[in-house]
Amino acid sequence: MSRAQISPSILAADFARLSDEIAAVSTTADWVHVDVMDAHFVPNLTLGLPVVESLVRASALPIDCHLMIEDPDRWAPGYAEAGAKSVTFHVEAAAAPVRLARDLRAAGARAGMALKPATPIEPYVDLLGELDMLLVMTVEPGFGGQPFLDVVLPKLRRCREAIRGRDLDVWLQVDGGVGAETIERCAEAGADVFVAGSAVYGAADPAAAVTALREAAERAAAS
Ligand code: DX5
Ligand code: ZN
């Protein structure tokens with residue numbers, strides 16, 4: 001595996017101090033993961049485009065936008081136009097995922113596609129070449145701090161094999177319950193981009209927690 005990338009989720013940060021919370025990880029993290037929830041695709045509501053526009057300006061790190069929203073075909077390109085360097089939509093919500101991935105790339109972002117735990121990869125393997133990143137959810141999307149779902153690991157492996165078998169450079173991201181106890185299993189199964197909310201912002205030293213997570217992932221991938 002090339003260098004493991006860590007994308008701390010600000011869902012676990014203090015929303016009244018978001019720019020400080022991003023600055024707290026900016027020396028060690030690769031991305032900032034921003035969870036957009038619309039209270040329809042998932043039963044929770046977080047933030048939307050105006051806040052992301054402000055975060056793009058305030059953040060020294062690139063923004064990794066995870067859209068847990070209905071109708072991403074309509075709304076996702078706006079996040080790319082706002083300057084998010086990576087924009088991930090859920091395939092369960094997309095009407096035309098290929099067209100949407102192309103729209104995201106045309107707007108200057110890396111195109112990401114997310115799968116909920118029960119969504120299989122097999123119907124989508126021929127779409128992989130349209131993507132820059134595949135996000136395999138390791139919890140049901142909607143809330144931070146949930147326990148990691150080991151049941152997703154075989155799918156994660158199949159995703160890595162599908163990417164490798166096509167000789168593609170598609171990043172494989174995991175999100176949900178990723179921390180010191182679980183990151184090694186994810187890395188062994190082939191993940192190379194790791195979202196961590198509570199494991200980073202629940203730590204006394206968030207920047208050091210990012211470094212420790214990356215080291216654990218790289219150790220596991222090399223073993
Ligand atoms: C959940 C979100 C995650 C969440 C992860 O729907 O997509 O990004 O913040 O939080 P932890 O790492 O605490 O499970
Ligand atoms: Zn997320």
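In this predicted model, a side-chain N or O atom of His-33 lies 3.3 Å from an oxygen atom of ligand 1. Two further pairs involve oxygen atoms of ligand 1: one with a backbone N or O atom of Gly-142, the other with a polar side-chain atom of Ser-198. The distances are listed below.

| Residue | Atom in the residue | Partner | Distance |
|---|---|---|---|
| His-33 | side-chain N or O | oxygen of ligand 1 | 3.3 Å |
| Gly-142 | backbone N or O | oxygen of ligand 1 | 2.7 Å |
| Ser-198 | polar side-chain atom | oxygen of ligand 1 | 2.4 Å |

On its own, ligand 1 has 380 Å² of accessible area, and the protein covers 99% of that area. The ligand is surrounded by 20 residues. Gly-142 and Ser-198 are among the closest of these, together with Asp-175, Gly-177 and Gly-197. The space that ligand 1 takes up is the second largest pocket.

The largest nonpolar core comprises 66 residues. Those with the most contacts inside this core are Ile-10, Val-34, Val-36, Val-87, Leu-134, Leu-156 and Phe-194. Another core, of five residues, lies apart from it and includes Met-37, Phe-41, Val-42 and Met-68.

For Leu-134, contacts beyond its neighbours within four places in sequence are with Met-113, Leu-115, Ile-121, Leu-128, Cys-159, Val-170, Trp-171, Leu-172 and Gln-173.

Note on methods: Residues numbered from 1 in each chain as written. Chains lettered and ligands numbered in written order. Predicted model: local features only at pLDDT ≥ 70, side-chain atom pairs only at ≥ 80, totals over all residues. Heavy atoms only, no water. Core = buried A, V, L, I, M, F, W, Y, C linked by side-chain atoms within 4.5 Å. Buried < 20%, exposed > 50% of the residue type's maximum accessible area, 1.4 Å probe, protein only. Contact = heavy atoms within 4.5 Å. Near = heavy atom within 4 Å. Polar contact = N/O pair within 3.5 Å; in protein donor to acceptor, adjacent residues only side chain to side chain. Areas by Shrake-Rupley, 256 points an atom, 1.4 Å probe, with all protein chains shown as cover. 1 Å grid on protein atoms, 1.4 Å probe; cavity = no way out; pocket = protein on both sides within 12 Å on 5 of 7 lines; lining within 4 Å. Sits in = over half its atoms within 2 Å of the grid points.
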